[in-house]
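Hi everyone, thanks for coming. Please have a look at the screen, and I'll walk you through what I found in this one.

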Amino acid sequence: MREEGATFQAIGDALHVSASRANVIYQRALEIQAEEAAGMGLAAIRILRDYRGDLHELASLAERDPHGACTLLIQEPNCLRRHAYQIIAWLTAGNREKP
């Protein structure tokens, strides 16, 4: 409905929720779309977007030594081991551009 121009109030009325709740639902839907497109969770996407190192070097390391790449990644702010392995899987699938 939002992509067709509906206001959050109209969406909220249709869903029997407030306009602010409709906005939250819409924002979460956008996050889910981004996760599905990238093939990893939103936290991993954010970590990868903020990564300041060379993605090609990280991908090369991930292919040679996944555990070493994990160790490097978990030094990034808010990066847990599960995020690191999502990123490593994404990189070893051939992705080299930030999502």
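Let me begin with one side chain: Arg28 is partly exposed, with a relative accessibility of 36%. For the cut-offs, buried means under 20% relative accessible area, exposed means over 50%, and partly exposed is in between, using a 1.4 Å probe and protein chains only.

Before I go on, a word on what you are looking at: this is a predicted model, in which local features need pLDDT of at least 70 and side-chain atom pairs count only at pLDDT 80 or more, while totals for chains, interfaces and linings use all residues. Residues are numbered from 1 along each chain as its sequence is written, and side-chain values use heavy atoms, with hydrogens and water left out.

Back to Arg28. Which residue does Arg28 meet in a salt bridge? The partner is Glu31, at 3.2 Å from N to O. A salt bridge here is a side-chain nitrogen of Lys or Arg within 4 Å of a carboxyl oxygen of Asp or Glu. In general, side chains of opposite charge can pair when their charged atoms come close. Arg28 and Glu31 are three residues apart in helix α2 (residues 19-38), so about one helical turn separates them. When I say helix, I mean a DSSP run of H or I with at least four residues; strands would be runs of E with at least two, and both are numbered from the N terminus. Glu31 is partly exposed too, at 26%.

Glu31 has another partner. Arg46 forms a salt bridge with Glu31, and their closest N and O atoms are 3.8 Å apart. This pair links distant parts of the chain, with Arg46 in helix α3 and Glu31 in helix α2, 15 residues apart. Arg46 is partly exposed, at 47%.

How many salt bridges are there by this rule? The count is three. The one I haven't shown you yet joins the side chains of Arg96 and Glu63, at 2.8 Å from N to O. Here, too, distant parts of the chain are linked: Arg96 is in the segment after α6, and Glu63 is in helix α4, 33 residues away. Arg96 is partly exposed, with 22% relative accessibility. And salt bridges that share partners join Arg28, Glu31 and Arg46 into one network.

Now let's go inside. The largest nonpolar core has 21 residues, and those with the most contacts inside it are Met40, Leu58, Leu73, Ile87 and Leu91. Helices α3 (42-50), α4 (55-64), α5 (66-73) and α6 (81-92) each supply at least two residues of this core. A nonpolar core is a set of buried Ala, Val, Leu, Ile, Met, Phe, Trp, Tyr and Cys residues joined through side-chain atoms within 4.5 Å.

Take Leu73 as an example. What does Leu73 touch, leaving aside its neighbours within four places in sequence? Its contacts are Tyr51, Leu58, Cys79, Ala84, Ile87 and Ile88, where contact means heavy atoms within 4.5 Å.

You may have spotted a cysteine there. How many disulfides are there by the rule? Zero, with a disulfide being a pair of cysteine sulfur atoms within 2.5 Å. Why not Cys70? Because the closest cysteine sulfur, in Cys79, is 7.2 Å from the sulfur of Cys70, too far for a bond. Both cysteines are tucked away from the probe: Cys70 is buried at 0%, and Cys79 is buried at 7%.

Next, some backbone angles. Most residues other than glycine have a negative phi. His16, however, has a positive phi, near 60°. His16 is in the loop between α1 (8-15) and α2, and it is exposed at 74%. Asn78 also has a positive phi, near 65°. Asn78 sits in the loop between α5 and α6 and is exposed at 69%.

Last stop, the start of the chain. Arg2 lies over the face of Phe8, at 4.0 Å from the ring centre; the rule asks for NZ of Lys or CZ of Arg within 6 Å of the ring centre and within 35 degrees of the ring normal. Glu3 is in the segment before α1 and is exposed, at 68%. From C-alpha to C-alpha, Glu3 and Arg64 are 43 Å apart in space, and they are 61 residues apart in sequence.

That's my tour, thank you!
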